[in-house]
Amino acid sequence: MWSRHLFRNFRRIAFLAAVVSLCSCEADIFGPDSREIAGGYRLKRAGNPNQFALTIPHESGGLIIDEVGWRKPFIIARTSGSQYWDVINTARSQHIRVSNLQRESDPAYQPIRTEAAEMAWKNLNRHKRLW
């Protein structure tokens with residue numbers, strides 16, 4: 001009788017340990033497919049497998065983008081056909097918009113190489129942020 005109760009308690013404790021273990025993982029195994037760039041900003045697959053969104057920390061939706069680039073502490077992104085770039089300073093959690101001319105002339109943004117969102121997706125590691 002005593003051993004039966006001990007076995008039931010052991011199963012409950014093992015189950016709780018497994019749940020706590022899964023919930024404490026950094027990887028979001030139950031969530032949408034996304035990859036962190038830095039500072040909580042993530043590249044996430046949108047409804048269409050060839051569409052990607054740039055999401056802000058602790059949010060699930062974001063800006064659908066076609067091009068993205070990064071270099072610490074900046075992330076820059078642009079939607080199709082837009083003449084403006086969204087610039088995120090991850091060190092200060094600041095978001096501004098700049099024209100293509102501003103992006104090309106500002107020494108802080110000039111060295112940032114951009115690529116198609118799909119290529120950026122392939123280059124990001126699902127389990128490791130860049131900085």
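**Exercise 1. Is F74 buried or exposed, and what is its relative accessible area?**

Before we start, a word on the model: this is a predicted structure, where local features need pLDDT of at least 70, side-chain atom pairs count only at pLDDT 80 or more, and totals for chains, interfaces and linings use all residues. Residues are numbered from 1 along each chain as its sequence is written, and side-chain values use heavy atoms, with hydrogens and water left out.

Step 1: get the cut-offs. Buried means under 20% relative accessible area, exposed means over 50%, and partly exposed is in between (1.4 Å probe, protein chains only).

Step 2: apply them. F74 has a relative accessible area of 16%, so F74 is buried.

**Exercise 2. Find the aromatic pairs and describe each one.**

Step 1: know the rule. Rings of Phe, Tyr and Trp (its six-membered ring) pair if their centres lie within 6.5 Å; planes under 30 degrees apart are stacked, over 60 edge-to-face, and the rest tilted. Searching the whole structure turns up two aromatic pairs.

Step 2: take F52 and W121. Their ring centres are 5.4 Å apart and their planes sit at 40 degrees, so this pair is tilted. F52 belongs to strand β3 and W121 to helix α3 (residues 117-123), so the pair ties together parts 69 residues apart in sequence. Both F52 and W121 are buried.

Step 3: take F74 and Y109. This pair is edge-to-face, with 5.3 Å centre to centre and 85 degrees between the planes. F74 is in strand β6 (residues 74-78), while Y109 is in the loop between α2 (100-105) and β9 (114-116), so the pair links parts 35 residues apart in sequence. Y109 counts as buried too, at 8% relative accessibility.

**Exercise 3. Sketch the four-stranded sheet and place K44 in it.**

Step 1: count the elements. Helices (H or I, at least four residues) and strands (E, at least two) are DSSP runs, numbered from the N terminus. The chain has three helices and nine strands, in the pattern α-β-β-β-β-β-β-β-β-α-β-α.

Step 2: order the strands. Two strands pair if DSSP finds at least two bridges between them. The open sheet of four strands runs β1-β2-β3-β4, with antiparallel pairing. At the edges stand β1 (34-38) and β4 (62-65), each with a single partner strand, so one side of each has no neighbour in the sheet.

Step 3: zoom in on K44. K44 lies in strand β2. Strand β2 (residues 41-45) is joined to strand β3 (residues 52-55) by four bridges, and the two run antiparallel. The bridge partner of K44 in β3 is A53. With a relative accessible area of 16%, K44 is buried. A polar atom of the K44 side chain lies 2.4 Å from the backbone oxygen of S60.

**Exercise 4. Describe the surroundings of Y84.**

Step 1: locate Y84. You'll find Y84 in strand β7 (residues 84-89).

Step 2: check the exposure. Y84 is partly exposed, with a relative accessible area of 38%.

Step 3: list the contacts (heavy atoms within 4.5 Å). Leaving aside neighbours within four places in sequence, Y84 touches A77, R78, V98 and S99.

Step 4: compare two separations. Y84 and R103 are 19 residues apart in sequence, and their C-alpha atoms are 8.8 Å apart in space.

Conventions:
A polar contact is a pair of N or O atoms within 3.5 Å; within protein, one must be able to donate a hydrogen and the other to accept it, and residues adjacent in sequence count only if both atoms are side-chain atoms.
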